[in-house]
Amino acid sequence: GIKDVSNLTGLKLAGGDLCSYNGPLAYNITVIGKLKKKEILKRSSANVGDLLLFTGAVGEATIGLDCLLKTKQVNHLNIREKKIAIKRFLNPPFLSKFSNASRRHIKACIDISDGLINDVGKLAESSGCGVRINSKLIPLSNIIKKVLLKNNYSLIKLLSAGDDYELAFSINQNKLKIIKKLALKHNIKVTPIGEFIENKGVYLDDKKVDGGYSHF
């Protein structure tokens, strides 16, 4: 797995210590590099009126995890659907080429590791504003539509689930055509799902929401 990622990113692996003990397997990896100050995508640069964009679709990773755990919630999915969801969980999207190509048009950015609601909330909080997500604009795959139709998952649960590793970011509205063109070039789906607002917090339509994985 490390070799595959090294090949994708062009990173070099230097050194490494292996030790064993009576406990779970653990990896500790330090990434060292440098980037020009003006090219860094921060969390704190969104402004009221900016669009909130999201790559890919939301929620399939948590479905994949539940398939691996063999929970009752995914019993109605067929073998093909389970394989797709599991692959989404085990092989997150690799979006560095798109982010590198589009970063001068993006204002604030975060990857969705702890749930869409939680992570876009970090963008808004760091930028001193709030964010409203339009539920009708959220990109949903056929698998997600199926589990929602069966009422095995709520939309809030899927928006709070982590491990999607898609990108959520803010742009000026006049940059939308440029971003869509770059996304098409890199075979990435990008969807405007909301906007940044004055009222603090995260809103799903007009209701304030929270949820997601907390590290503390």
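Here is a short conversation about the strands, cores and surface of this predicted model.

Student: Let's start with the sheet. Which residue in β5 is the bridge partner of Ile133?

Tutor: Happy to. Strand β3 covers residues 130-133 and β5 covers residues 190-197. The two run antiparallel and are joined by 4 bridges. Within that pairing, Ile133 has as its partner Gly194.

Student: And which residue in β6 does Val131 stand opposite?

Tutor: Here we turn to another neighbor of β3, strand β6, made of residues 201-204. These strands run parallel, again with 4 bridges between them. Opposite Val131 in β6 you will find Val202.

Student: How many bridges join β1 to β5?

Tutor: Take β1, residues 51-55, alongside β5; the pair is antiparallel. One facing pair is Phe54 with Thr191. In total, β1 and β5 share 5 bridges.

Student: Is β5 mostly covered or mostly open, and how many of its residues are buried?

Tutor: A residue counts as buried when its relative accessible area is under 20%. By that cut-off β5 is mostly covered, and of its 8 residues the buried ones number 6.

Student: Which element gives the most to the largest nonpolar core?

Tutor: That core has 23 residues, and those with the most contacts inside it are Leu52, Leu116, Val120, Ile133 and Phe196. At least two residues come from each of β1, β2, α5, β3, β5 and β6. The top contributor, with 5 residues, is α5.

Student: How many residues are in the other core?

Tutor: This core lies apart from the largest one. Its members include Leu51, Ile106, Ala183 and Ile188. The full count is 15 residues.

Student: Back to Leu116: which residues does it touch, leaving out those up to four places away in sequence?

Tutor: Leu116 is among the residues with the most contacts inside the largest core. Leaving out those sequence neighbors, Leu116 touches Phe54, Val58, Ile133, Leu159, Ala161 and Ile193.

Student: Now the surface. Why does Leu25 count as exposed?

Tutor: Leu25 sits in the loop between α1 and β1. With Ile2, Leu11, Leu13, Tyr27, Ile29 and Val31, Leu25 makes a nonpolar surface patch of about 850 Å². The cut-off for exposed is over 50%. Leu25 counts as exposed because its relative accessibility is 72%.

Student: One last residue: how far apart in space are Pro92 and Ala61?

Tutor: Pro92 belongs to the loop between α3 and α4, and at 37% relative accessibility Pro92 is partly exposed. Pro92 and Ala61 are 31 residues apart in sequence. In space, C-alpha to C-alpha, they are separated by 8.2 Å.

How values were computed
Residues numbered from 1 in each chain as written. Predicted model: local features only at pLDDT ≥ 70, side-chain atom pairs only at ≥ 80, totals over all residues. Heavy atoms only, no water. Pairing = 2+ DSSP bridges. Buried < 20%, exposed > 50% of the residue type's maximum accessible area, 1.4 Å probe, protein only. Patch = residues over 30% accessible without salt bridge, like charges linked within 9 Å, V, L, I, M, F, W, Y side chains within 5 Å. Areas by Shrake-Rupley, 256 points an atom, 1.4 Å probe, with all protein chains shown as cover. Salt bridge = Lys/Arg side-chain N within 4 Å of Asp/Glu carboxyl O. Core = buried A, V, L, I, M, F, W, Y, C linked by side-chain atoms within 4.5 Å. Contact = heavy atoms within 4.5 Å.
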